[in-house]
Amino acid sequence: MTNHIVDLKNTDCALIMGSNAAENHPISMRWLLKARENRGAKIIHVDPRFTRTSARSDIYCPMRSGTDIAFLGGMIKYIIDNELYHKDYVVNYTNAAFLVKEEYGFEDGLFTGYDAEKRKYDVSSWDYQVDEAGLPLKDLSLQDPRCVFQLMKKHYERYDIETVCKITGTPKNKYLEVLKTFCATGAPDKTGTIMYAMGITQHTVGSQNVRSFAMVQLLLGNMGRPGGGVNALRGENNVQGATDMALLFHIIPGYIDSPISNAANKDLLSFIRAQTPGAAKLPFTNLEEFRALVKAGFPNSGFKINTSKWVISLLKAWWGKAATLDNDFGYHYLPKRDGNKNYSHIALFEAMHRGEIDGLFVNGTNPVVGGPNANKEQEALTKLKWMVSVDLWLNETADYWTYQGWERTVKNPDVPTYTPADIQTEVFFLPAAAVYEKEGTAAQTGRWVQFRWKGADPVGESKADLWIYNELGKRIKKLYAGSTKPQDEPIVNLDWNYDDEHGHDDIMKVALELCGYNVADGTPVEGFAKLSDDGSTACGCWVYCGAMTYKDGKIIYKTQNRDNKDNSKTGLGLYSNWAWAWPMNRRIVYNRCSVQPDGMTPWPGDEERQLIRWDPTIPADPKKPEALGSWVGDDVPDFLKPTSPDKPAFTGPFIMRPELKGCLFAPKSAMKDGPFPEHYEPWESPTENIMNKQNLNPATKIWEPDKQGTTDKYPIIGTTYRVVEHWQTGALTRNLPWLAELMPDMMVELSEQLAKEKGIKNGHKVVISTTRGDIEAVACVTKRFKPFIVNGKTVHEIGLLWHYGFKGYATGDPANRLTPHIGDANTMIPEYKAWLCDIRRA
Amino acid sequence: MKVTRRQFLKVTGATAAGFALVDLGFDLQATASAAKELRIKNVTPTPTVCPYCASGCGLVIYAERDANGKFVKLLSVHGDPDNPINQGGACSKGAAMFNLREIYDERTGEQMINPKRVQKPLYRAPGSDKWEEKDWDWMLARIAERVKETRDSSFIHKEKLEDGNEIIVNRTERIASIGGSGLDNEECYILSKMMRALGLVYLETQARI
C-alpha cells in the first residue's frame, strides 16, 4: 500500500477491483464503512462475481475476468475526454509534459522494437527526448504531439465505452456510473483510493493492470494524499517483509537487482554503475571518485543515487570483517544468476520437472495445493533427491509422496500417479513453532512493521524458524570450516553470530544487523541517510534502517512502540507512534503530493488532508538555527527536511524515480511489455481480442504450448478465490477444527443459467476439467454469477475456492490442479484468475 | 480479588519494554465472576499480530502461567483493543487462532494440544511409505550434509563472458528454496542471507504466486 489500512477512512471514493476486501481483508472494509458514515464516501466494487464486498458497496459493476486494462483504459479516456484530471498535479508531479523519442510508436497491438521470435521488446525507443545535459525535454502546456499526455490520449482513443463493454461484458449504464463516480475524485478537494488484490496481479498482464491503476490515480491527483493511493491488499501476514528481505530471485534485500553473470556486473564498481540511475556514463574509476560525484549530485538519479551505500552496507552485514575495500567488500560472494534464465516459481517447477533441481527447502508454503498446475508441480517433487519442509503440520507438500497424495477423484490417463515406492526423495520435516509461540516482527500491507511477542511455548519439540535456520547455518559453516577453496569463501567468511552468551539465538542481534549498525561500536544507524559506502556501516536491508535507536544505554526496537494516540492534528489516523513503518516511519509515501507545487499551500478545499508543508521561517536542525527552512507536518516527508525550493527534489515527489515524477509513460526497461498498458486477452480466452491484433500479451513466455485449452472443449471461464473462514492453501485453517467446521467442503459457484444448461442443481457433486486435470467439487448454484455478453456472445464464468487438499480436518480437491503454467510478462505471477474449463455432473 | 485492567494487562519479560496498553474501561471484576475465577487465575496477556492476511490486526494471547511464570496453557485469544488497525476486532480466522495451538476434544471437551501439530522432527527415507521420528541433531546434521553434497557437486564458481573475460558467479542451480512469507522479518532475513551465501538463485516466496 502507498497508504495504509486506517487511512481508508479518509477517502471520498473507493474503487475495489480484483479484491473481495470484505471477505479477505475484513478490517479494511471497516475503515471504508467509516469513510461512508463520516464523509459520505462512495464504495465501488468491480468484479466478475457479486461478493460480500459488492453487498456493502454503493455500486456493483460486473466485469469478465482478465479484462481490467480495457476497463481502466476506458477510464483513462473518459478522464482525458471530459477534462476530469487534476491539471496542476498532472503537470507538476507526473511525466505528462515529458517529450518522447520520435522513434517510439504503437501499431496493431505492438509497441516499437518487437522481436516475435524471442517474444521480447528492444526498449530503446521507449524513452524521453533529452537536451544536451541529458535532461528530459518538456512541454508544460501538454500540447506537443510527442509529449506523454498527447501520446497517452492517442493510445486510449480506441477505448471508447462501446468497445470496452463489448470486451468486459459490463452493462454500459453500470460502466458509466463507475466512471462518473470515481473520476469525480479528480477535483482538487477530493481523493479516491484504489484497493486491489490477486484478482489484479494473477494475469498475463498483471503488472500492467497495476500500472493502469497508477495512471488513473496520477491523472486524478490521488497519489501521496490521505484517502488516495494505489493500495495492494496483500495476502500473507509478512509477504511484504519477505519481499523486503528479497526471498525472490531477482532482487537482493532493499529492492536492488540481484547481480547477473555479465560484464556490467563483473565487479563491485561495475555493479554500482549499473544499479545507480544516471551513473552509466560518468567518469569514475574507483569508489572514491564515485563518492565525489555523488556528493556533487548528478542528473537523472533520484534518491537511488545512494545505491552504493545500501549495497556496501549489505555486503558488510553479510561478510563482516571479511568484507573490505580490497576484495570489493565481498561482492563476488554474491551468486550471479544467468541473465537469460528465469528463476521464478513457474520456472523453478519447470526446471524441477526436468530433473534439474536436487534439493528443495519448503518454508511454510504448499505448492501441491497452491502452485499453478498443481498436478505437474506435485510430479516435479518426485524428481528431488531431498526436500526439507518446515511447517506446523504435515501439509500436502510435506506428504506429497504418500498413497493419499496420489489419489484422484476423477481418473485421467494424462495425469500420472505414483506410489511411495516410486519416489526416491529423502524428506525431512522440521516442526515449526506457531506465530505466538515465538517473537519477531512482521510488515503488514501498509508497511507497518509490528512486533509480535511470545505468548505461549512451542508445542512439543517444535522450534521457531529463527532457531532452525540459525542452527542449520552454524552446522553448514562447521562443515566448511577450514576450507581454503575460493568457492567456499562465501560460507567460510559468512558473518553468522546470532547467539547470546548462553548459546541461544538472539532475535535482537538479527534485528540490529538487519536495521543497521555502526561497525566501530555496534550502535544502531539511525536512518538510511547515515549509511555509508566505506565499510563503516553494516545494514542488511536499508529500507528498515531507522527502526532501531539507542536511548539511555539501551537499544530500542521501534517496532515495539505501542502508543496508540493519533498524532495527526486533523484526525487522519496516522498513529505514527504505533509500531514503525518503512521507510523512516513514513505512513503515506509520496506525501509531497498532499500540498501544492509551492510546497506551502494546501490543495484548495483540502486543508485537513495536508500531510507536510515547507516552512521557510524555521530551521530544520535546531543545532543550526541560522539555516532557515524546513519541511514540517504530521507525517515524515519523503526527503530530507531542509530540501529547499532550489533542489530538484522539492518538486519531485516520486523520489525513487530518476525523473522524480509519477510515470504515466513507463520509460525504457521499467516494463517489459510496453510503456502504456494495452488490453490483451488471457492465454485461455473465450474470445478474440477486438482491441488489437494480438490475442496474448506479446512479451510473455509460453511454457506449455500444448496445454492451451480452447473453447471447443473448454468454453467456460474459470477463476479462483478465497473465503473468510479459510486462508490460502488451508494449512493454517483446515487444521483448525473451528474453521474446518465453518466451511467444510470444496465448492464451485455457477450461475442459474449455466446450471440449467448443464442439468446441475445446488448441492450436486460436479467435475471441473481443463487440459491440466480434473477435480470434484460441490456445486453452489447462485445469482452471484451472471453470464456475460462478450462480443455479442453469451459467456459463462465459474468460481472455485482454492483452499482445499487431502490433509487436515476439512479436505477436498485442490482447484490448482486446473490452473495453467503461464504468467505475467514482468513478474511471472501465474495466471490463476482467468482460464478455460468445462463443468459436468459427477 | 480486585484486579484493575492495567494490572491485568501487565506484561512481563524484557522484550515487553515500551509496552503500554491503554485502559479499556471495562470492569474486569464482573467479567471475572461471570467467567469463574479459575479461568483468569495467573493469566498473562501478550500482544501479537495475526498470521493470516496482511492487514496486521493485533491479537492478545491470554495464557495461564504457574507461580514461576512458566507457561501452562492457553485461555483465549482475542482482538487487541489497543491496536489502531482493528481496535479489538477479529474475523473468523483471527478469532480461531486459539486452535493453532490448542483445541477442545470433540467428545470429552478436554483442552489439548491440536493433534495435527507435529511435535517431533520427522524423516522419510527414499522409497519408504512412512515417517520416522528423529531428533533435531540428527536431522540438522544430515540436512547440512545433503546441502553440502549437492552444492559442491553442482557449484559454478566462474563463467566465461562473451568478451572472453571470466566472472566469478558462485552459484548452484540444483538447490531451491520456496516460501517464507509467513515467517517473521528476522527469520526471512537470515534465510535470505544463508541461501545466498550458499549460492542459491532459485529463491522464491509467496509474493510470486
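Begin by selecting A:D506 in this predicted model, where the residue caps the N-terminal end of helix α20 of chain A, with a side-chain oxygen lying 2.9 Å from the backbone nitrogen of A:M508. Extend the selection to residues 507-515 of chain A, the whole of α20(A), and display the surrounding protein: seven of the nine residues are buried, so the helix is largely enclosed by the rest of the structure. The buried residues are A:I507, A:V510, A:A511, A:L512, A:E513, A:L514 and A:C515. Just after the helix comes A:G516, which has a positive phi, near 110°.

Next, colour chains A and B separately and turn to the contact between them, to which chain B gives 126 residues and chain A gives 172 residues. The area buried between the two chains is about 13,400 Å², and carbon and sulfur atoms give 61% of that area.

Select B:K120 together with A:E461 to see a salt bridge whose closest N and O atoms are 2.7 Å apart; between chain B and chain A the count is 14 salt bridges, alongside 92 residue pairs in polar contact, both residues being at pLDDT 80 or more. Then highlight residues 136-154 of chain B, helix α4, which supplies 15 residues, the largest share of the side of chain B that touches chain A. By class, that side of chain B has 67 nonpolar, 28 polar and 31 charged residues.

Finally, select residues 359-363 of chain A, strand β12, and residues 166-179 of chain B, strand β9, which run parallel and are joined by five bridges. Within this pairing, look for A:G359, whose bridge partner in β9(B) is B:I175.

How values were computed
Residues numbered from 1 in each chain as written. Chains lettered and ligands numbered in written order. Predicted model: local features only at pLDDT ≥ 70, side-chain atom pairs only at ≥ 80, totals over all residues. Heavy atoms only, no water. Contact = heavy atoms within 4.5 Å. Buried area = accessible area lost by both parts, 1.4 Å probe. Salt bridge = Lys/Arg side-chain N within 4 Å of Asp/Glu carboxyl O. Polar contact = N/O pair within 3.5 Å; in protein donor to acceptor, adjacent residues only side chain to side chain. Helix = DSSP H or I, 4+ residues; strand = E, 2+ residues; numbered from the N terminus. Nonpolar A, V, L, I, M, F, W, Y, C, P; charged D, E, K, R; others polar. Pairing = 2+ DSSP bridges. Buried < 20%, exposed > 50% of the residue type's maximum accessible area, 1.4 Å probe, protein only.
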